[in-house]
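User: Please walk me through this structure in short questions and answers.

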Amino acid sequence: MMSSSSLSSSLHCFPPPSLTFQNLKNNDRLIHNFNTPLELKQLHARLIKTNTPLSILPLTKVAFVCALSPSFSYAHQIFSHILEIPQTSIWNSCLIRFAEGDCPSNALLLFYQMRLFDVLPDTFTCSFVLKACLKLSDVVNGKIIHGLFQKLGFGSNLFLQNMILNLYGLCGEMGDAMLLFEKMPQRDAVSWNIVIAQLVKRGDIDGAYGFFLRMPNKNVRSWTSMISGFVQCGKPKEAIDLFMKLEDEAVRPNEVTVVSVLAACADLGDLDLGRSVHEYSTKSGFERNVHVCNTLIDMYVKCGCLENARRVFYEMEERTVVSWSAMIAGLAMHGQAEEALCLFSEMIKLGVKPNGVTFIGLLHACSHMGLIDEGRRFFASMTADYGVIPQIEHYGCVVDLFSRAGLLEEAREFILSMPMKPNGVVWGALLGGCKVHKNIDLAEEAIKHLSELDPLNDGYYVVISNIYAEAERWEDAARVRKLMKDRGVKKTSGWSSITVNGVVHEFVAGDQTHPQAEDICKIWDKLLVKMKGRGYAPKTSVVLLDVEEKEKEKFLYSHSEKLAVVFGLMTTPEGTPIRIMKNLRVCEDCHAALKIISGIVSREIILRDRNRFHCFRDGQCSCRDFW
DNA sequence: GTAGGGTTAG
């Protein structure tokens, strides 16, 4: 091989003695040895002197080197000497390079050069320029290209119409997009899929579904767009229903479909479906796909199977920052802070660059386990060592970290020092800490901000009214409840669910509507005797009503998570874990009760609440009572 | 040589 220094020295002894056509052809590097128009001109001169045909020049590179300079005309001349046909294709290959590169506007510049020199655009030219417009969200130039290709006679080219359709949609010109779609003489699956995806992006899930239903020949992308659309719009149940309908079609789910439906399983905690989609993925060879594995990790994490999530993670052939972040966040959610921190060190050792999401997982890990100093260090180091600028979510995590640990004043100072306006999540984190650590004054300060920032969120009113009730300030509690009523804010009622043999059973507090309600009651009574024998004392202070003790106990015993657990004990095989989901945070009394129950029945009880997982085993909880 | 769907947080 010729080193660059020997190459340049051979250029200095000009003309090289053996620069013949044959030698040039054999010496590919020499022919490529130009990076500026000037160097090209020198090479050109040599070719003429040695009587070598210009056609051996790498034409695409010639175009690229001259594309955006006054030398355009020079390259243009070279091509005219070589080619009898139009030189469009050479410039096209240049265009796509620009369009796909870091500076797509260069494609536009080149395109206007081409127009200036009367190089005739073909459909590929237009599509590459449109690609650049798409990357730049440049609908103005897009419209110019649209007009141009219509003039050039490509107006009915489906490919180009689809690109324009996508561009209009992406730039928010939905009116133009729909007009174009309606006027299109023919449409293919791509046209329909573009409209569906655009409507999904705008949050118009019903509109998207309307198009989906009208669409004649749906392909796997149509189904996948719709399924992922439902997931993105917070309708995982609809996503799963649609996935089930896919079974009757002659369309096979692919990796992307699997990712979308697994995300829905994660949201719903649907472990059964998640497992069977995993099996399908294994059979189909999808486990080589890093997206699929990342979503499998998340699915298993959110379905309470940390062990399976770990297995997927460790068996992955390659991992991205998303895989690491998903696993770290998962460990945090399950209270395995030490392991999460270890994983982070390992990730850094392997040279994977953490992103903002990685740090959210880490900060969660710290705040769920009260690791205050570690949390502080991570927050400082994310900018200092990794160049990740903290977003409001990170500030929220730190406020949560301080507040849970009882450092309420420090949390407040931290909020006041934030470089951006604190949002509801931030003040809400402080409020949560005030409830645990019984600080009414700070809670009142937090609620003042919250009633402005997030006036329709029922959770905050409930917390402050509970804080008052716990302090037996019944009048204040009542005042908050009235405020809620005046503002039309409804309290979200708590529910817990358990899946048995594929059927989801949902319970709300005091629920007597379940067909087996009577049996549940009987079993609970028996269990209660054993629980009291092991020191369970109903924590009636959790009941925030001004009623008799006995009444309070009755309320406690009918909490939805207790009903769900008892139902699980009745209907699932001995020794198997019981998995419960709750829409709100677990109450203190239920937490104490489930710990004791797990010891009595020797069963693992895995509870996913709004915030995190609690895994009860042998009378203990994985959260170590810090939550 | 060209167009449409995907993952971690919240």
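Analyst: Contact means heavy atoms within 4.5 Å. This is a predicted model: local features need pLDDT of at least 70, side-chain atom pairs count only at pLDDT 80 or more, and totals for chains, interfaces and linings use all residues. Residues are numbered from 1 along each chain as its sequence is written, chains are lettered from A and ligands numbered from 1 in the order in which they are written, and side-chain values use heavy atoms, with hydrogens and water left out.

User: With which residues is I606 in contact, leaving aside its neighbours within four places in sequence?

Analyst: I606 sits in strand 4, residues 605–608. Helices (H or I, at least four residues) and strands (E, at least two) are DSSP runs, numbered from the N terminus. I606 is buried at 6% relative accessibility, where buried means under 20% relative accessible area, exposed over 50% and partly exposed in between (1.4 Å probe, protein chains only). Beyond its neighbours within four places in sequence, I606 is in contact with G304, P577, I578, R579, I580, F613, H614 and C615.

User: How far apart in space are I606 and G488?

Analyst: In sequence, 118 residues separate I606 and G488. From C-alpha to C-alpha, the distance in space is 35 Å.

User: Which residues come nearest to DNA strand B?

Analyst: There are 44 residues around DNA strand B. A residue counts as near a strand or molecule if one of its heavy atoms lies within 4 Å of it. Sugar and phosphate make up 41% of the DNA strand B atoms that come within 4 Å of the protein. The residues that come nearest are N92, K131, N193, N294 and H364.

User: How many nonpolar, polar and charged residues does the surface near DNA strand B have?

Analyst: Ala, Val, Leu, Ile, Met, Phe, Trp, Tyr, Cys and Pro count as nonpolar; Asp, Glu, Lys and Arg count as charged; the others, Gly among them, are polar. By these classes, the surface near DNA strand B has 17 nonpolar, 20 polar and seven charged residues.

User: How far from a base nitrogen of DNA strand B is a polar side-chain atom of N92?

Analyst: Take two other side chains beforehand. An N or O atom of the D188 side chain is 3.1 Å from a base nitrogen of DNA strand B, and one of the S225 side chain is 3.2 Å from a sugar or linking oxygen of that strand. For N92, the distance from a polar side-chain atom to a base nitrogen is 3.0 Å.

User: Which helix gives the most residues to the largest nonpolar core?

Analyst: A nonpolar core is a set of buried Ala, Val, Leu, Ile, Met, Phe, Trp, Tyr and Cys residues joined through side-chain atoms within 4.5 Å. The largest has 162 residues, and L57, F79, W91, I297, L430 and L431 have the most contacts inside it. With eight residues, the top contributor is helix 19 (residues 290–302).

User: Why does this core lie between domain 1 and domain 2?

Analyst: Domain bounds come from an automatic or database domain assignment. Chain A is divided into domain 1 (339–389), domain 2 (391–492) and domain 3 (495–621). The core lies between domain 1 and domain 2 because both give residues to it.

User: How many residues does the contact take from domain 2 and from domain 3?

Analyst: The centres of domain 2 and domain 3, taken over C-alpha atoms, are 28 Å apart. Their contact takes six residues from domain 2 and eight residues from domain 3.

User: Is L442 buried or exposed?

Analyst: L442 lies in helix 28 (residues 440–453). Leaving aside neighbours within four places in sequence, L442 is in contact with L408, E409, R412, L430 and C434. R412 is 30 residues away in sequence and 8.3 Å away in space, C-alpha to C-alpha. At 6% relative accessibility, L442 is buried.

User: What is the relative accessible area of R404?

Analyst: R404 is in helix 25 (residues 392–404). Not counting residues up to four places away in sequence, R404 touches S367, H368, G433, H437, R585, N611, F626 and W627. R404 is buried, and its relative accessible area is 11%.

User: What is the phi of K438?

Analyst: Most residues other than glycine have a negative phi. K438 lies in the loop between helix 27 (424–436) and helix 28. K438 is exposed, with a relative accessible area of 60%. K438 is not a glycine, yet its phi is positive, at about 50°.

Notes: Polar contact = N/O pair within 3.5 Å; in protein donor to acceptor, adjacent residues only side chain to side chain.
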